[in-house]
Amino acid sequence: MYPNEVELQWSVLIVLYPFITGLVAGAFILASLERVFRVDAVKPTYRLALLTALAFLLVAPLPLQLHLGHPERSLEMYLTPHRSSAMAMFGFVYLWYLMAVLLLQIWLDYRRDIVVKSQTTTGVTRLIYRVLTLGSSNISERSLHIDERLGYFITVIGIPSAFLLHGYVGFIFGSVKANPWWSSPLMPIVFIFSAMVSGIAAVMLLYMVTTRLRGKEIDIRCLDAIAQYLFYVFVIDFSLEMLDLLQRIYEADESFRSLDFMVHTRLWVSQVIIQILLGTVTPILLLGLTQVVSLTGTIRKRIYTLAGCLTVIGIFAMRWNVVIGGQLFSKSFLGYTTYKMAFATREGLLTAIALMLLPFPILWVLVKLLPPWPDAGSVPASGATPARGTS
Amino acid sequence: MDITRRRLLILLPAAAVAWKYVQAGTPEAAPNYKMTEHWWAMLMDIPKCIGCGSCVRACAEENDVPEGYYRTWIERYHVDDWKIERPEVESPNGGKQGFPPNEIGGKNFFVPKLCNHCAESPCTQVCPVGATFVTPDGVVLVDKSYCLGCRYCVQACPYGCRFINPKTNTAEKCTLCYHRITKGLTTACCEVCPTGARQLADLKNPKDPIHEFLRTHTVQVLKPHMATGAKVFYNGMDGSVR
Amino acid sequence: MAIAVVAFVVLRAAVVPRSFGQYGHYRGDAIAEIAARPVAFAGHDTCEACHTDVVEQKKQGKHVVVPCEACHGAQAKHADDPASVKPAKLDTAVVCARCHEANSAKPKDFPQVATADHSGGLACDTCHQPHRPKIETAAETKRAKEGKK
């Protein structure tokens, strides 16, 4: 153990960060399924997915800020970015994604509703909607058609941008040659696919929860479609992770003995039990079951709920194993340390929990302001199929 | 005021002198120290190291290194016969108070370590803001008034020589006693080494004994497969050293 | 959009330190700031300028290669103001043992002893003079002195 290695550098907050941006990227990909690939079945979740992505993306910088030794200097990353640093360049990727893709996309999709609301509501609400219109109140057929085309175009750019957003996080880890647990060209790919898995599962769960809370009927056809995509992406994700693992075991390079011992001891529960068995294999089997066996809607919903929850937990465990796991062993391959997570400090468990919960009130505000429901409450966008009726 | 010829005759030279100062920018460390004339490195002579810990203590005193963190440290290796890939290594408090006496067989030796001041430093590559950098004379430094404390550089260093100073919350590491070497002194660790196991070297100085030494001895750098351009050269280093 | 770009450029010009980029992608002033740190160890050349008697003694023995501050600690303050800042008296039992306590990892040809057996608890300077550590017979000392003349 090199003497300076005893203390871990990146805490649970840095575990949270890729988890949150993963949810963002995954949610956006799900939304793009409808927009670009015209998968009508998932339409009920389209707007919800976009708002979910936004709620999480707004929270994403917070764990980073709280982790920095000098958060007041963080503007330096935009003022004097070091072009060879993946972290610096990521600041711009994040900004691009937030401003040019997500916000613009949401604005364009909701523009008609915003304009209508700015004319029909009163008081403070009216003011808010008027600001949101950004001065444009033209909702003619032609104008809406332009919105539609622009929205399509942005989604097309948005898909690689979402991949870039989270792939970059993978690259930040994967490009560190000093750390053999991280250093791998597969890292950005694995991150992207696990992001998609977590994002799709999260939106699926949110859709089920919010629909129930609103007392409406869950669109089972929509759920089936989402679950199917979740299954396919999961299979790819699992294959990638197993490929990485098998190759490591087979090649057994200098770092292998040390890493192997670490997985068998310190990461046994979080990696083998939680991430692989409970968080990947079980959901795949469950979802696979719904694909091959004919089950009733109720059972399917229960399976989807269970699979979704396990998936989200499993992907969180994956982030934990990558970030924390990568710091538990010594770069000399001769020693290990322990992560002592504090509770009520700036980088402690309490902060992590608070940050994980924060997107939900934000989502609640967004949902109140810009209702994503395909049924009563919002005016359907032009060119869309008629809103699904309630039962 | 009126620009008379007389006034101009006084103003112009004054302006010229002032301009020279403006152009000079920040005054350098010592009046006759030119960064471009030096390319700093260090030589470690393993067969001479006695693990006394003087270097670790001197560094801590010279540079106010916080307790529990190490800008330089010593490792004691024990290699059993042919098991060169599985040495037993220890570094009690970085070797600051020396090493407890022991009586074991096999091959045993000390290895002092510090920042390698890599010419192709991976830590400066990853710094998002340019707070850590390689100077024109080959020393890797940290600008603690610019550092964000993101810890990416600590992750990127393959040698484990960086840490975050708990008082300043910025990255910190060996500066090769930059404040000493620019004044013609040697580093604190080299100064106090009683056996001459540590020697500062200037690769750009043709008269520096390191050139002859490198020609006539078997030397290595740590982790050459990382291709960091490390500039700390180890004479007589065993293959088991990690 | 254009306003944002202009605002960014203005902000950047105002906030980024002047010397940034002077030698590379970093704040050029940092180099001078780091170099301006005060020195704690004076360096043996400085000690030897005044303590010539000790230099002569050391030249006669193996400790000629040992720098003064290796044992005496940082003495820059003393070098700056010799009259008021005096170095602390050393405890030889501690200082000598750091180098000379037997350890399997020390080079075989390096003089080392198990101090408990060697001196039975006596301080090292009971028998050894630290600047000229070899214990000589009276005849050897005489010969050495005559040799020097």
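This briefing covers chain C, its contact with chain B, the contact between chains B and A, and one helix of chain A. The model is predicted. Chain C is built from nine helices and zero strands, and its radius of gyration of 27 Å stands against a value near 15 Å for a compact globule of 149 residues. Chain B touches both of its partners, with 44 residues taking part in the contact with chain C and 34 residues in the contact with chain A.

**Chain C: fold and dimensions**

- Read along the sequence, the helices of chain C give the pattern α-α-α-α-α-α-α-α-α, in keeping with a count of nine helices and zero strands.
- The C-alpha trace of chain C spans about 90 × 40 × 30 Å along its principal axes, and the radius of gyration of this chain is 27 Å, where a compact globule of 149 residues would have one near 15 Å.
- Of the 149 residues of chain C, 21% count as buried.
- When contacts in chain C between residues at least 6 apart in sequence are considered, 53% of them join residues at least 24 apart.

**The contact between chains C and B**

- Chain C contributes 37 residues to this contact, and chain B contributes 44 residues.
- On the side of chain C that touches chain B, the elements giving two or more residues are helix H2 (29-35), helix H5 (68-72) and helix H7 (92-100) of chain C.
- Of these elements, H2(C) gives the most to that side, with six residues.
- By residue class, the side of chain C that touches chain B divides into 22 nonpolar, eight polar and seven charged residues.

**The contact between chains B and A**

- Here chain B contributes 34 residues, and chain A contributes 29 residues.
- The elements giving two or more residues to the side of chain B that touches chain A are helix H3 (122-126), helix H4 (152-156) and strand E7 (163-165) of chain B.
- H4(B) gives the most to this side of chain B, with four residues.
- The residues on the side of chain B that touches chain A divide into 22 nonpolar, nine polar and three charged.

**Helix H2 of chain A**

- Helix H2 of chain A runs over residues 46-59, has 14 residues and reaches 21 Å from its first C-alpha to its last, which is close to the 20 Å expected at 1.5 Å a residue.
- H2(A) is mostly covered, with 13 of its 14 residues buried.

Notes: Residues are numbered from 1 along each chain as its sequence is written. Chains are lettered from A and ligands numbered from 1 in the order in which they are written. This is a predicted model: local features need pLDDT of at least 70, side-chain atom pairs count only at pLDDT 80 or more; totals for chains, interfaces and linings use all residues. Two residues are in contact if their C-beta atoms, placed from the backbone, lie within 7 Å. Ala, Val, Leu, Ile, Met, Phe, Trp, Tyr, Cys and Pro count as nonpolar, Asp, Glu, Lys and Arg as charged, and the others, Gly among them, as polar. The radius of gyration is taken over C-alpha atoms; the globule rule is 2.2 Å times the number of residues to the power 0.38. A residue is buried if 20 or more other C-beta atoms lie within 10 Å of its own, exposed if 12 or fewer, and partly exposed in between; C-beta atoms are placed from the backbone. The expected span of a helix is 1.5 Å times one less than its number of residues.
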